[in-house]
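Here is a colleague's note for someone opening this structure for the first time. Please read the points in order, with the structure in view.

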Amino acid sequence: MRMPVPDPSVIARRAEIARNLRALVGPDGVIDGADALRAYDCDGMSAYRQPPMLVALPRGTGEVVRVLKYCHAHNVRIVPRGAGTGLSGGALPLADAVTVGLARMNRIIEVDYANRCVVAEPGVTNLGVTDAVRSAGFYYAPDPSSQIACSIGGNVAENSGGVHCLKYGLTVHNVLGVELVLMDGEVVRLGGKHLDTPGLDLLGVVIGSEGLLGIVTQVTVRILKAPETARAMMMGFASNESAGDCVGRIISAGIIPGGMEMMDRPAIRASEEYAHAGYPLDVESLLLVELDGPAVEVEHLVKRVEEIARAAGATTLTISRDAAERERIWAGRKAAFPAIGRLSPDYLCMDGTIPRRKLPEVLAKIAELSRRYNLGVANVFHAGDGNLHPLILFDANVGDELDRAERFGADILRACIAAGGVLTGEHGVGIEKRDLMPEMFSPLDLEQQHRLKCAFDPSGLLNPGKVFPTLHRCADHGMMRVHKNETRFPDLPRF
Amino acid sequence: MSEIFKPARPAAVAEVLVQAKGAIEVRGRGSKRALGRPVPEGLAVLDLSGLAGITLYEPEELVMSARAGTPIADVRAALAEKNQELAFDPPDYSGLFGGRDAGTLGGAIACNLSGSRRIKSGAARDHILGFAGVNGRGEEFKSGGRVMKNVTGFDLSKLIAGSYGTLAALTDVTVKVLPRPEKIRTVLVFGLAADPAVGVLRESLGSSHEVAAAAYLPQDVAQTSAVDLVARAGASVAALRIEGHGPSAEYRCRALKGVLDGRGATEELHTQKSEIFWREVRDVAAFAADPVAQIWRLSVPPADGARVAGAIAARLKGRYFLDWGGGLVWFALAPLPDAGAEVVRSVLPPDGGQATLIRAEAGVRARVAVFQPLPPALAELTRRVKEGFDPDRRLNPGRMFADV
Amino acid sequence: MQTHFSPAQLEEPDIREADGILRKCVHCGFCLATCPTYVLLGDELDSPRGRIYLVKDMLERGAKAPPTAVKHLDRCLTCLACMTTCPSGVDYMRLADIARARIALDVRRPWPERLLRALLALVLPRPGLFRLALIAARWARPFKALLPGRLKVMAAMAPARLPAPSAVDRPQVFAAEGQRRHRVALMNGCAQQVLRPSINEATVRLLTRLGCEVVVAEGAGCCGALAHHIGDAAGAEAAARANVAAWEKTIAAGTLDAIVINASGCGTTVKDYAFLLRHDPAWAARGARIAGLARDVSEWVAGLGLAGAKLAPAPTVVYQAACSLQHGQKVSEAPKRLLAEAGFTVREPTESHLCCGSAGVYNILEPVLAAGLKERKIERLAATGARIVATGNIGCLAHLQGASPQGASPIPVVHTVELLDWATGGPVPAGLS
C-alpha cells in the first residue's frame, strides 16, 4: 500500500514540532516516544501499520484550532483519529504527520429534550450518546456494530450506518449540526438545532468525508423516543438464495423492519461462540429481523413476517420473548466481526453495497473467489440495504496470505460494482479501497471531488493519501482544462 | 430576447454549456423561478424540461431513477401504481407562485423542498441517492449511485440538493422511494394558544406513537381550510399526523388522543381528509390565496417556534402558522419595501435559526437578503466550493447569494 | 493479529501462551469502551488494546521491559472489564499476569517505589501490622501536608476511627441455627478484618441463620491477591499454599460444601489458585480442588434462598458492582436479586461496568487516576437518588466510604451481606441511621 512520500524536512524538525505542540496542548498532550507511538500505528484495520511522527491529544476546540493553525503554518500534515475502530484505514498515520486524537474530547455538552437533540464532543462513543438519554426513554438511532467503542466524530467522518439504519437512516440523516475546524484553523458551524440550514448543504458533504475536509469538534444529533417495543426474529434457511428471497418478499410487502441482517454458516458459528444467543448451527443462512414500534404494530408485523418467512422456506424460526433475549440475539451479530477472531487470527472485513436482489449472485461469486484464492470467508450483511461484509479469513503469519486476501477483497468489490453497486457502504474508502476508486468514477468525477477537497483544504495537509488515489495540488486547479478521459498531470507524483 | 436552449438528451447539456457563453439560467419547468434571489434579466436559458422520463424503477429495491426534468406529477403517478411514494413529499408551490404545476423532480431536489413529514421521513436531500449533471465548466460528472448505503467518495448529492442550480445542471437523479402508508389519521386539538400548542406537538413527537408530522394553525389560518371540521371550528388547531398499517394507525391515533385528552377539544381526520389537510399545510395554501402578501419561511429549533412567530406578529401585521413541531414558521405579511427583514431576522435565536424570504416581488428580493446571510468564514467556504464547480459563475449566478 | 516470535522464543511456555492470546486480538477496539483509564485519559496507550500492543512489543523483543510498557501496565487496574467486552476472547488477564511477572523480574524500580511496594506487601496481609499502620497513619494525618507524595495519600486514607478487632475472626466453628444443612468455611481475609469486621460478623450471622455451620480455619489468611498483582509470584504462591493447606485440614474434619468468600477481590484470586500454583503439578491439583469450592457469598446465599425473610419498609439502595465480582467472577445478577428479594429497592448507576478506582492497592500506587475514577463513580451512584450504596468488596467500600458527591453529604457504603443480615433479623449495619 503506497502512501504519500514523507517530507524529510518535516521529520527533521520533529523535536521542535513536539516542543511547540506541547506548548499548545500541555506537556501530557503530546506523545513522541518511539515505543508509545507504535500503539497508534493503525486503527481497526491492522493489516497496515505506520507509527505517526507525533500524536497530539487536544482537550477542546481551542486546542484543536491552535494545533491546526500551527501545523498549517509549518506545513505539517495531520491525520485525525477518533477511537481507532475504523475498518478502512482512515486513521492510518503517516510517517511525517501528527495524529490528532480526539478521544479526550469526550463530554456530553448538552441534552436538549425540548428540541430532541444532544450536543456532544467528538470523542463521545456512539453508545455513550444513547446512554446519556436512555433514562428518559430516548436513544440515538444509528448503531454501527462497534457502537460501544466508536466515536461520534468518527461516525460523522464515515457516515456510519449499522443494523437500524434501514429504517432510521445513516449518520447523515440523524445529525443536525457540526462544528468543524478547517485545516487553517478557521472554525465553521454547519447546521444547528434547526433543520435545513441556508446555503449549500456543506453539512451533508462533510458527513462521510473521512477526515479530509476538517476536524469535527462538536456534533449535534437527533434523538428519538425509544420504540414502545421491539422484537427480534431469527430465521434459518437452507441456502443464501432462499434467505435473500425472503428479504425481497418482506420489502415487497411494504414492510420496512427496524433492521434486517444475514449471516452465513461460519459467521453464525463464531458469533454463537461469543454470545450464546442460541443461533442454530445447522443452517446455511440466518436472517435476523428486528421489528420495532408501537406494540400493536409490532404484533401485526411479526405475524406477517412469520408468514412470509415460512412461505420462503425458513427451516427454523425464533421470536424473542423478552428484552434480554432480543439483546442476546443482536449481541451475537454485533460482535460478529471480532468474534471471527475465534476462527482465524486475522481477517479483512470488506464492505460493499449491491442491489438487494443481486445478493445470491454476488454471494456465489464470493464463494467462487474463495476457492480460487484458497482462503475462507464468512459473510455478514445488512440484508435490508444490500450492504455486504464478507470477512476474508487469513493468517498474516503465513506466507502470502495477506496479499492473497487483499486481492480477493479487491475482486469482491469489483463484483459489487459490476452488480450495480458501490465500493463501500459504511466503512469508508480510507486506504483500503482507494485504488479502486477509478473503477467507479471517471477521471472527471474524481476531479470534481478533488475540487471540493481544495475548497475546504487548499493546503492538502489534512489526511492525505486517503480516499483518492492521487495526491492533488490545489494550486494547479486554476489552470485545468478538460480533456476527455486523459489522465491529468501525468507527472504528478503518484505514491 | 434571451436565447433558450432546450436539450433533448443529457449529452446535449454539456454541449450547450460549452456553446453558450457567459452566465446562463438553469431551469426545469420554471415552477420555482420566483423562489430565491431574482435571476438577472437577459440571461440565456438552459431549459431542462425536455429531459424527462423515468429510466429505472425497481419497487422491491426501493429505487427510482429519472431524468431531472421529469414532472413530479409523473413520478408520483408511477409510484402510486405500485403503492409507493416520495416520502419527503415535495410541495406544489404553483398556488404560491402562480406556476402551472408542481415542477420537476430535479427542481424539487435542487431547491430541497419537503413537506410536513420531513421531521420524521427526512428532507429531499435525504432521499437523493445519486445524480448525473454538468458543472459550470461544461464537464459531465456523476456522484452517488442507486443504493442507500454509500460512502464512496464525497457525498456530492447532498451538496447538489438545495443548491438552486448554482453548482451543476442536473440531467439524471436517483431517489429512494418508500411504501405508501396504508392509512393516515390526523389528531386535531382545538383552541390552544401557540405556546401550549407547541407543547402538545413536542409531547406528541416525543411519544412512542410515531407521529409523522406536527403542525399548528392559528384560527385565522385554520379557517381557510377546505376541511370543514377545521374551518368551522372557529378556533386554532394543533394537528398530529399518524400513518402506517391499518390497525396500527388506528390504535396509535386513539392512544395519542388519550394522551392529549384534556388539553382541548379533540377530533380525528381519516385518510382522505388528512390528505387534503396536510396538502394544504405542505403547499402553504392559506397564504397562496393572497397573491400580494410577502412570505417568510423560518427554520428554528422547535422549542423556539411559538416565541419567534409571536415576536414577529407583535411587530409586523400578518398571519403565521407552524409546521415541523414548531421548527418551521411560515409568516405572511402585508407588503413592505424591505419585507420586514430586519424584524424577522432580529427575532431568530442566537444559536441557531434561519429565515428565507420565500415570496416577494423581484425588486424586493434583489434588495433584501433572501437567504439568511452567512457568517464570514462560512461565506468564504461557500464561495470556494462554488468555485470548484463553477469558477466563472455561469450557472444561476446570484440565485442564492450575491457572489455565488 | 500478526505476531513475530522466533521458534526459540516459542519454546518457553509463558511466551507460547502469550502468543496464543495475542493472535486472538483483532485490534477491533471494543475494549476501549469499558476501560476506566481510557475513559479518563483518552490515550490509546492506556487502553487494553494499547497495553496488549505494548506487551506484544515487549515480549517479542525479549529485552527488558521499556519504561513506557511499565508505566502503562502499572496504570491498568486489572478490573477485567475489557475481558467481558472482548468479542474475540482475548485472555487479557493472563497476558497481564505474564507481563507483570516479567516486569517484576526484569525491572528495577526506583528505591522509594520498591520500598513502598515492599511495605504494602508486608503490612496489608497481616491484620496486626495493618492495624498498627493505620493507627500510626491517623496520628500522622495532621502533618500530612509535610509528607511526601504517596505517604500523604495513605495518611489521608486512614479512617478516622478504627473499629475494634472482632472475635469472629479467630479460628473457630460457628454452629448452624436449627438444622444444619451445610458446612462451609468462611475466608476471613486480611484487610477486611481490620477495616470493617462487621462484614464477617454479618456473614456468620446470615449463614448460620440459613442453616450453615461456619468454620474459620486455623492458618488461613491473606489470599495472595496483592502479591500476585504486584508481580511477586513467590509471595502469591506462598499465600495460596498456606490457604490450601488450612482448608484441606477443614475438609479432613468433615464434608465441606463451600469456601465462602465475602470480599470479591479475594474470591477471584482463590478461584484462580490452579493458575497461581501452576509451577508445581501437585500443588496445582490441590489448588484446583480448593478453587472448585470457592464461592462468593452472594452466589452461595442465592443458592440457599432467604426463606421469605424481608425487610419492610426497606430503603432504596444503589448496587455498586465490584469489578472482581462482575468481570472476574462473572457474578452480576445474584447480589441484586437477593437484595430485591430481601425487600430493598435496588437501583443501578450508569457506567456500572466502570471501576471505582480502588482496585486493590491501585488507589495508593496511582492516586490521581484512582481519585478521578472515584469522583466519577460517586457522582453516578448519587445520581440514582439512593442514599445507601451496597457492594460486595471491601476495596470499593473503603475507597468510596466518605466520598462526597458534588454538593451533598457522603453516602454510606455497606456490604451486600450486611444488608441481607439486617433483612433477615440482624442489626442495622454500621453507618446507617
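1. Two residues are said to be in contact when heavy atoms lie within 4.5 Å. In chain C of this predicted model, contacts between residues at least 6 apart in sequence can be sorted by that separation, and 74% of them join residues at least 24 apart.

2. As for secondary structure, chain C holds 23 helices and nine strands.

3. On overall dimensions, a compact globule of 433 residues would be expected to have a radius of gyration near 22 Å, and the value for chain C, 21 Å, agrees with this. Taken along the principal axes, the box filled by the C-alpha atoms of chain C is roughly 65 × 55 × 40 Å.

4. Turning to burial and surface, 58% of the 433 residues of chain C count as buried, while the accessible surface of the chain comes to about 17,000 Å². Carbon and sulfur atoms account for 58% of that surface.

5. Chain C carries 49 positive and 37 negative charges, and the mean positions of these two sets lie 5 Å apart.

6. Chain C also meets chain A, in a contact to which chain C gives 35 residues and chain A gives 38 residues. Between them the two chains bury about 2,900 Å², with 51% of this area on carbon and sulfur atoms. On the chain C side, the residues that lose the most area to chain A are C:R23, C:F30 and C:Y53, which together make up 20% of what that side buries.

Definitions and conventions: Residues numbered from 1 in each chain as written. Chains lettered and ligands numbered in written order. Predicted model: local features only at pLDDT ≥ 70, side-chain atom pairs only at ≥ 80, totals over all residues. Heavy atoms only, no water. Helix = DSSP H or I, 4+ residues; strand = E, 2+ residues; numbered from the N terminus. Rg over C-alpha atoms; globule rule 2.2 N^0.38 Å. Buried < 20%, exposed > 50% of the residue type's maximum accessible area, 1.4 Å probe, protein only. Areas by Shrake-Rupley, 256 points an atom, 1.4 Å probe, with all protein chains shown as cover. Lys, Arg positive; Asp, Glu negative; His and termini not counted. Charge placed at Lys NZ, Arg CZ, Asp CG, Glu CD. Buried area = accessible area lost by both parts, 1.4 Å probe.
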